[in-house]
Amino acid sequence: MRKRSMLVVTLSLCSLIIVSFLVRGNALALQTTPGTAKTPVARGEYLVSSGGCHDCHTPKTFTQQGPVPDMSKSLSGAPADIKLPAVPPGLISPTGWGALATNDLTAWVGPWGTSFAANITSDKTTGMGSWTEAAFIKTMRTGKHKGALRDVLPPMPWESLGKLTDDDLKAIFAYLQSVKPIQNKVPDPIPPKR
Ligand code: HEC
């Protein structure tokens, strides 16, 4: 009888130690993989900040260290009044350069013409505030503007982003819908000169 209760106590102690180890292990895992078990908006912020969206979608200010993202215009795309430097004829060709970008990386010239990084803030008229989640996911999966219209142009990496899970794309959309709306009408793409 005494032996049995000793066994029970030992077993309960063991399970306590195992549970506390698991909980601590979990807590550590949460700290080292930000974005995993948080809200969709927090996960979306993590995916947007680690996924390079600001590189192209956030205008820059110029410092001695070079261009840095201007977070007061976070994710608002190519500025409406962007000035494009002239592209020397013949620079972009199968044996020359493949593409060029403005120094803030919001406008790009290549064989596809000129593309301007979209305003992906929650602004209803010039951003994505009136988009549905389904249209956003379809855009990333099909490379069609708003999921159904013209082709989305390079260098928007929709093919790799489209490999994210539905939950991750939903989280990105939830975050983008939660950011400050910034009114900025990005210029329309310019087709290539023939
Ligand atoms: C290398 C530059 C680059 C990166 C990195 C980038 N984008 Fe883009 N993105 C663009 C450009 C350029 C366009 C405009 C394409 C066009 O007009 O067809 C665009 C367009 C979009 C659009 C609008 C698509 C449509 O239907 O018109 C969305 C939404 C978008 N990007 C989301 C994102 C998100 C979210 C990320 C980060 C996970 C991201 N982009 C990373 C360059 C980029």
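**Figure 1. Crossing of helix 4 and helix 6 in the predicted model.** The crossing of these two helices, helix 4 and helix 6, is right-handed. The axes of helix 4 (residues 133-142) and helix 6 (residues 166-178) come within 10 Å, and they cross at roughly 120 degrees. That angle makes helix 4 oblique to helix 6. On the side of helix 4 the contact involves Glu-133, Phe-136, Ile-137 and Met-140, which meet Asp-166, Leu-169, Lys-170 and Phe-173 in helix 6. Sorted by class, the residues of this contact comprise 5 nonpolar and 3 charged, with no polar ones.

**Figure 2. Packing of helix 2 against helix 6.** The axes of helix 2 and helix 6 lie 7 Å apart, and the two helices pack at an angle of about 95 degrees. Helix 2 and helix 6 are therefore roughly perpendicular to each other, since angles of 65 to 115 degrees are counted in that way. Helix 2 contributes Pro-40, Val-41, Arg-43, Gly-44, Glu-45, Leu-47 and Val-48 to the contact, while helix 6 contributes Asp-168, Lys-170, Ala-171, Ile-172, Ala-174, Tyr-175, Leu-176 and Ser-178. The contact of helix 2 with helix 6 is made up of 9 nonpolar, 2 polar and 4 charged residues.

**Figure 3. Buried residues of helix 2 and the turn of the backbone that follows.** Within helix 2 (residues 40-50), the buried residues are Arg-43, Gly-44, Glu-45 and Val-48. The elements that cover these buried residues of helix 2 include helix 3 and helix 6. Just after helix 2, Gly-52 adopts a positive phi of about 80 degrees.

**Figure 4. Residues around the ligand.** The ligand is surrounded by 23 residues, of which Gly-51, Cys-53, Cys-56, Leu-153 and Met-156 come nearest. Helix 3 (residues 53-57) gives the most to this shell, supplying 4 residues. When the shell around the ligand is divided by class, 15 residues are nonpolar, 6 are polar and 2 are charged.

**Figure 5. Backbone exceptions in the loops.** Most residues other than glycine have a negative phi, and most peptide bonds are trans. Leu-75, although not a glycine, has a positive phi of about 65 degrees, and this residue is placed in the loop between strand 2 (66-69) and strand 3 (100-101). Leu-75 counts as buried because 28 C-beta neighbours lie inside 10 Å. Lys-146, also not a glycine, has a positive phi of about 50 degrees and belongs to the loop between helix 4 and helix 5. With 14 other C-beta atoms within 10 Å, Lys-146 is partly exposed. The loop between helix 4 and helix 5 (158-161) also holds Pro-155, which is joined to Pro-154 by a cis peptide bond with omega of about 0 degrees.

**Figure 6. Pro-191 and Trp-112.** Pro-191 lies in the segment after helix 6; having 9 C-beta neighbours inside 10 Å, Pro-191 counts as exposed. Although 79 residues separate Pro-191 from Trp-112 in sequence, the two are 6.7 Å apart in space, C-alpha to C-alpha. For the chain as a whole, among contacts between residues at least 6 apart in sequence, 58% join residues at least 24 apart.

Definitions and conventions
Residues are numbered from 1 along each chain as its sequence is written. This is a predicted model: local features need pLDDT of at least 70, side-chain atom pairs count only at pLDDT 80 or more; totals for chains, interfaces and linings use all residues. Axes are lines fitted to C-alpha atoms, for helices over the stretch in contact, and angles run from 0 to 180 degrees between N-to-C directions. Angles under 35 degrees count as roughly parallel, over 145 as roughly antiparallel, 65 to 115 as roughly perpendicular and the rest as oblique. A crossing is left-handed if the near helix is turned anticlockwise from the far one by less than a right angle, and right-handed if clockwise. Two residues are in contact if their C-beta atoms, placed from the backbone, lie within 7 Å. Ala, Val, Leu, Ile, Met, Phe, Trp, Tyr, Cys and Pro count as nonpolar, Asp, Glu, Lys and Arg as charged, and the others, Gly among them, as polar. A residue is near a molecule or strand if its C-beta atom, placed from the backbone, lies within 6 Å of it. A residue is buried if 20 or more other C-beta atoms lie within 10 Å of its own, exposed if 12 or fewer, and partly exposed in between; C-beta atoms are placed from the backbone.
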